[in-house]
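Subject: Structure for you to look at

Hello,

Here is the structure I said I would pass on. Please open it beside this email and follow along.

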Amino acid sequence: MRHLRLRPALLLRGQKWKLRLREPLVPGHEASGVVAKVGEGVTRVKPGDKIAVSPSQACGRCDYCREGREHLCRNMRFLGSASLYPHVQGMFSEYFVLGERQCYPVSGDVSLGELAFAEPLAVGLHAVNRAGELLGKSVLVTGGGTIGCLTVVAARLAGATSVTVSDLLDRPLETARKVGAARIIRADRDADALASPQFDVAFEASGSFAALKSCVAAAKRGGTVVQVGTLPHEPLPFVVNEIMVKELDFKGAFRWGIEFDWAVEYIGSRRVDVRPLLSGQFPLTEAVKAFELAKDKTQSTKVQLVAA
Ligand SMILES: [Zn+2]
């Protein structure tokens, strides 16, 4: 079997996903590392290479994979996910064995901390890809967390004329400003700001139903709303009539496909600078402290665990 071992720098992301844990699960699906050792026949990487790690292990054989939508794979084994049993363990560890296809070597002085953003940037790029053409379009992103901010970055790369971000906290909005949001809105204090149709495309990246309602209200007739955040799983009253009368395209965006490759390119060349999103790094021995900081959105965006 082709494999390698590496020392990962690992990331935490607030997860609202409804996971039914049936056995202990090591989390960690946003990672980078240095190759420690390679197995026989490995050609893509060599010991010492700095790599971004794709957590996606699609089967490559099902109908979705064959149609080029591997992220929808029927047999997906996504690292750090409890969606299968036995669970697929994630990368919060000193060493990890991976297939070479999941390893993206990067040269230059970009740090491992930056490279570990390839996964969430790929999420933002995929959301933007789902929206269709953005050149000349006005864009709303609800939620100024990591995914929201990286959706801002992706929308600007795609040619959006202006990007507005809404959130309930000041810190995420300030971070969104740093990565290119032209306008920021405190949704709790300025409810009227999103009450009327004004955006061609709206991305819901906060995981809040109230924010989704704002996206639907603030999208222009004929516009597009993309759901990229994970909403709570309780039954939701839905705004179907508004989608109907405005002829909105309402789309889901889940994980990513080829966009991971693009994300590594953008970060590796620093065409995208993710450093404003990195709030702290902790050794594995201080994982609890890292989680505490990651939980507090008034203090942090992305917090990383670094294996020695
Ligand atoms: Zn498949």
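In which strand is Phe250 found? The answer is strand β11, which covers residues 249-252. Before going further, please keep in mind that this is a predicted model.

Surface patch

Phe250 is partly exposed, and its relative accessible area is 35%. Together with Phe238 and Val240, Phe250 makes a nonpolar surface patch of about 260 Å².

Salt bridges

The count of salt bridges comes to 14. Among them is the pair of Arg186 and Asp170, with the closest N and O atoms 3.2 Å apart. Arg186 belongs to strand β8 (residues 183-186) and Asp170 to helix α5 (residues 170-178), so this salt bridge ties together parts that are 16 residues apart in sequence. The two partners fall into separate classes of exposure: Arg186 is buried because its relative accessible area is 16%, and buried means under 20%. Asp170 is partly exposed, at 37% relative accessibility.

Another of the salt bridges joins Lys220 to Asp200, and here the closest N and O atoms are 3.5 Å apart. Lys220 lies in strand β10 (residues 219-227), while Asp200 lies in strand β9 (residues 199-204), so the pair ties together parts that are 20 residues apart in sequence. Lys220 is partly exposed, with 36% relative accessible area.

Glu242 and Lys246 also form a salt bridge, with 4.0 Å between the closest N and O atoms. Glu242 has a relative accessible area of 31% and is partly exposed. Lys246, at 9%, is buried.

There is also a network to look for. Asp109, Glu114, Arg270, Asp273 and Arg275 are joined into one network by salt bridges that share partners.

Cysteines

How many disulfides are there? The count comes to 0. Take Cys215: the nearest cysteine sulfur is that of Cys149, and it is 15 Å away. A disulfide needs two cysteine sulfur atoms within 2.5 Å, so Cys215 is in no disulfide. Cys215 is buried, with a relative accessible area of 0%. Cys62 is buried as well, with a relative accessible area of 8%.

A way through the model

You could begin at Phe250 in strand β11, then go to Arg186 and its salt bridge with Asp170, and end at Cys215, which is in no disulfide.

Regards

Technical notes. Residues are numbered from 1 along each chain as its sequence is written. This is a predicted model: local features need pLDDT of at least 70, side-chain atom pairs count only at pLDDT 80 or more; totals for chains, interfaces and linings use all residues. Side-chain values use heavy atoms; hydrogens and water are left out. Patches are made of residues with over 30% relative accessible area and no salt bridge: like charges are joined within 9 Å, nonpolar side chains (Val, Leu, Ile, Met, Phe, Trp, Tyr) within 5 Å. Accessible areas come from the Shrake-Rupley method with a 1.4 Å probe; for residues, only the protein chains shown count as cover. A salt bridge is a side-chain nitrogen of Lys or Arg within 4 Å of a carboxyl oxygen of Asp or Glu. Helices (H or I, at least four residues) and strands (E, at least two) are DSSP runs, numbered from the N terminus. Buried means under 20% relative accessible area, exposed over 50%, partly exposed in between (1.4 Å probe, protein chains only).
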